[in-house]
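Biologist: Could you take me through one residue and the element around it? I would enjoy a close look at a single part, with the wider chain as background.

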Amino acid sequence: MTTHPSIEQHPDVAEMRSRFERATATPRAQAIETLALLTGLYLAASPWIVGFNGLTTLAVCNLITGVAYALCMGGFGSAYERTHAMAWAAAAIGAWTIVAPWVVSGNVDTTRSVVSNVIVGCVALLLAVAMAAMKSDSSGSSRSRGRGRGDRNVGPMG
């Protein structure tokens with residue numbers, strides 16, 4: 001019986017992990033992650049900060065979505081290669097935050113709740129899209145680096 005090496009030891013997996021590690025080690029990625037965590041915490045606490053905690057349905061909605069957003073965006077620094085796809089879920093949470101005052105049951109679309117949710121929702125959406133773009137930035141720069149010496153296409157004439 002022959003044993004096959006695990007996929008974890010494959011050179012491409014090691015390269016992918018080091019690329020993701022480089023992507024999350026940049027100051028830009030760390031700033032995005034920090035701002036995203038603060039955004040999620042603010043979203044969770046916003047009913048009590050802004051003063052619409054009497055609107056129970058929206059307060060509970062913001063609490064749940066804020067915690068979910070912080071959890072989605074909080075795992076990037078330690079395990080980016082496994083969690084970068086969750087940035088799109090965080091983008092959906094940001095979009096939901098924008099429309100929640102009009103969708104959640106009850107009369108919760110007060111000026112305070114709408115302004116707070118629209119601003120924090122836009123910030124959450126932008127941060128999530130920026131984090132999702134980090135993967136394509138890192139893979140794009142890797143591809144352009146790989147096309148250096150010896151990677152020329154040589155035609156039949158040359």
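Modeller: Happily; here is a walk from Thr39 to its helix and then to the chain. This is a predicted model, in which local features need pLDDT of at least 70 and side-chain atom pairs count only at pLDDT 80 or more, while totals for chains, interfaces and linings use all residues. Residues are numbered from 1 along each chain as its sequence is written, and side-chain values use heavy atoms, leaving out hydrogens and water.

Thr39 sits in helix α2, residues 27-51 (helices are DSSP runs of H or I with at least four residues, strands runs of E with at least two, numbered from the N terminus). Thr39 counts as buried because its relative accessibility is 9% (buried means under 20% relative accessible area, exposed over 50%, partly exposed in between, with a 1.4 Å probe and protein chains only). Leaving aside residues up to four places away in sequence, Thr39 touches Tyr69, Val120, Val123, Ala124 and Leu127, where contact means heavy atoms within 4.5 Å.

Other buried residues of α2 include Ile32, Ala36, Gly40 and Leu43. Further along, α2 bends by about 65° at Ala45, with Pro47 following within four residues; the bend is the angle between axes fitted to the seven residues ending there and the seven starting there. Pro47 is itself among the buried residues of α2.

As for the background, the chain has 6 helices and 0 strands, and 37% of its 158 residues are buried. Of the contacts with a separation of 6 or more, 66% join residues 24 or more positions apart.
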